[in-house]
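This report describes a structure with the help of computed values. Please look at the sequence and the model first, then read on.

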Amino acid sequence: MPFKRYVEIGRVALVNYGKDYGRLVVIVDVVDQNRALVDAPDMVRGQMNFKRLSLTDIKIDIPRLPKKKSLIAAMEAADVKNKWENSSWGRKLIVQKRRAALNDFDRFKVMLARIKRGGAIQKELAKLKKQNAS
Amino acid sequence: MKTILSTDTMEIPDGVTVRVKAKMIEVEGPRGKLARNFKHLNLDFQLIEGGRKLKVDAWFGSRKTTAAIRTAISHVQNLITGVTKGYRYKMRFVYAHFPINASIANNNTSIEIRNFLGEKKVRKVDMLEGVTIVRSDKVKDELVLDGNDIELVSRSAALINQKCHVKNKDIRKFLDGIYVSEKGTVVEE
């Protein structure tokens, strides 16, 4: 029941609204009750409202307001990118992106693959049913 | 203004187990079990140190929610003393001329009051659940209410008191009634 993901310096968050939608950022400072200063390796450090952030489980060890170089070094040391891409949340986002980027031919191929998979499942199911009935 | 976090903890004595789930608190002890629902409050209840302490948090609370932390803790403390020591409220009959005639019925769960101020009306009060009432034998004109839940015991005492209000008279002169004389616990220490 108690909260596990706290807003703290070094908390990695996902932007869920606005121009930087989908970007992983690190909270480097807290401006006031509603806003944080966020930074990421490929963006200019700026303020963002907490309502635009979804906190993740990942936290890195940085002092308040680190320089860009030390921020990137800390993110490499904590292996944020791999941890994110291996987490279930991160994997889901990757799959969503992939699906949104399909063209018509890709969708056709997906349809064929699903039919084939369904057929294989039904074959096994029929086999098991026959075993059970006998 | 909103205070980011206000928190308070309380110790839970040995011999008492407290269970917390979704703002419903259950306390179990030697005298029985009591439960209380805090769903109307915007607070976080959690047991820490393996059940030895109860922590209550208010995140981004106004002055009123911060105040509610301490009252919630007091309510839980009352549950704990109720379940370990119980509550005993004593009431005395006060009358100037007409002796108040009270009889306990229903195996100690209801009381009938007659001859209050000489009136013919018989007042019957049912005790709430878990509360027993007994006419004290050593002391003249005394009632003893026992129970585990302080809310129920005190409310039963209030019901008895309110049934014996004087009407249409100067109450500074007609002081008759049944009044709470002592609020204590069943198990003395």
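The text below goes through the two chains in turn, from overall form to single strands and loops.

**Overall form**

The structure is a predicted model. Chain A contains four helices and five strands. Read from the N terminus, its elements follow the order β-β-β-β-β-α-α-α-α. Chain B has two helices and 13 strands. For chain B the radius of gyration is 21 Å, well over the 16 Å that the globule rule gives for 189 residues, so chain B is more spread out than a compact globule. In chain A the radius of gyration is 22 Å, while a compact globule of 134 residues would have a value near 14 Å.

The table sets out further values for each chain.

| Property | Value |
|---|---|
| Box filled by the C-alpha atoms of chain A, along the principal axes | roughly 70 × 40 × 30 Å |
| Box filled by the C-alpha atoms of chain B, along the principal axes | roughly 60 × 40 × 25 Å |
| Accessible surface of chain A | about 10000 Å² |
| Accessible surface of chain B | about 11100 Å² |
| Buried residues of chain A | 27% of 134 residues |
| Buried residues of chain B | 37% of 189 residues |

The kind of atom at the surface can also be stated. Carbon and sulfur atoms hold 56% of the accessible surface in chain A, and they hold 51% of the accessible surface in chain B.

Contacts can be sorted by how far apart the two residues lie in the sequence. Among the contacts of chain A with a separation of 6 or more, 47% are between residues 24 or more positions apart. In chain B, residues 24 or more positions apart make up 59% of the contacts with a separation of 6 or more.

Charges come next. Chain A carries 30 positive and 14 negative charges, and the mean positions of the two groups are 8 Å apart. Chain B carries 33 positive and 23 negative charges, with mean positions 6 Å apart.

**Strand S1 of chain A**

How many of the five residues of strand S1 of chain A are buried? Five of the five are, so this strand, residues 11-15, is mostly covered, where buried means under 20% relative accessible area. In a regular strand, side chains alternate between the two faces of the sheet. In S1(A), the residues A:Arg11, A:Ala13 and A:Val15 point one way. A:Val12 and A:Leu14 point the other way, and all of these residues are buried.

Which strands pair with S1(A)? One partner is strand S5 of chain A, residues 53-59, which pairs with S1(A) in the antiparallel sense over four bridges. Within this pairing, A:Leu14 has A:Ser54 of S5(A) as its bridge partner. Strand S2 of chain A, residues 24-30, also runs antiparallel to S1(A) and is joined to it by three bridges. Here A:Ala13 is matched with A:Val25 of S2(A) as its bridge partner.

**A loop residue of chain A**

After S2, a loop leads to strand S3 (35-40) of chain A, and A:Asp32 lies in this loop. Is A:Asp32 buried, partly exposed or exposed? Its relative accessibility is 34%, and it therefore counts as partly exposed, as this class lies between the cut-offs of 20% and 50%. A:Asp32 and A:Lys19 are 13 residues apart in sequence, and their C-alpha atoms are 22 Å apart in space.

**Strands and loops of chain B**

Strand S10 of chain B has two unlike faces: B:Arg123 and B:Val125 form a covered face, and B:Lys124 and B:Asp126 form an uncovered one. S10(B) runs antiparallel to S9(B), and four bridges join the two strands. B:Ser110 has B:Asp126 of S10(B) as its bridge partner.

The loop between strand S9 (110-114) and strand S10 (123-126) of chain B holds B:Leu117. Most residues other than glycine have a negative phi. B:Leu117 is not a glycine, yet its phi is positive, at about 60°.

B:Asn168 also has a positive phi of about 60° and is not a glycine. Where is B:Asn168 found? This residue is in the loop between helix H2 (150-163) and strand S13 (177-184) of chain B. With a relative accessible area of 78%, B:Asn168 is exposed.

Notes. Residues numbered from 1 in each chain as written. Chains lettered and ligands numbered in written order. Predicted model: local features only at pLDDT ≥ 70, side-chain atom pairs only at ≥ 80, totals over all residues. Heavy atoms only, no water. Buried < 20%, exposed > 50% of the residue type's maximum accessible area, 1.4 Å probe, protein only. Pairing = 2+ DSSP bridges. Rg over C-alpha atoms; globule rule 2.2 N^0.38 Å. Contact = heavy atoms within 4.5 Å. Areas by Shrake-Rupley, 256 points an atom, 1.4 Å probe, with all protein chains shown as cover. Lys, Arg positive; Asp, Glu negative; His and termini not counted. Charge placed at Lys NZ, Arg CZ, Asp CG, Glu CD.
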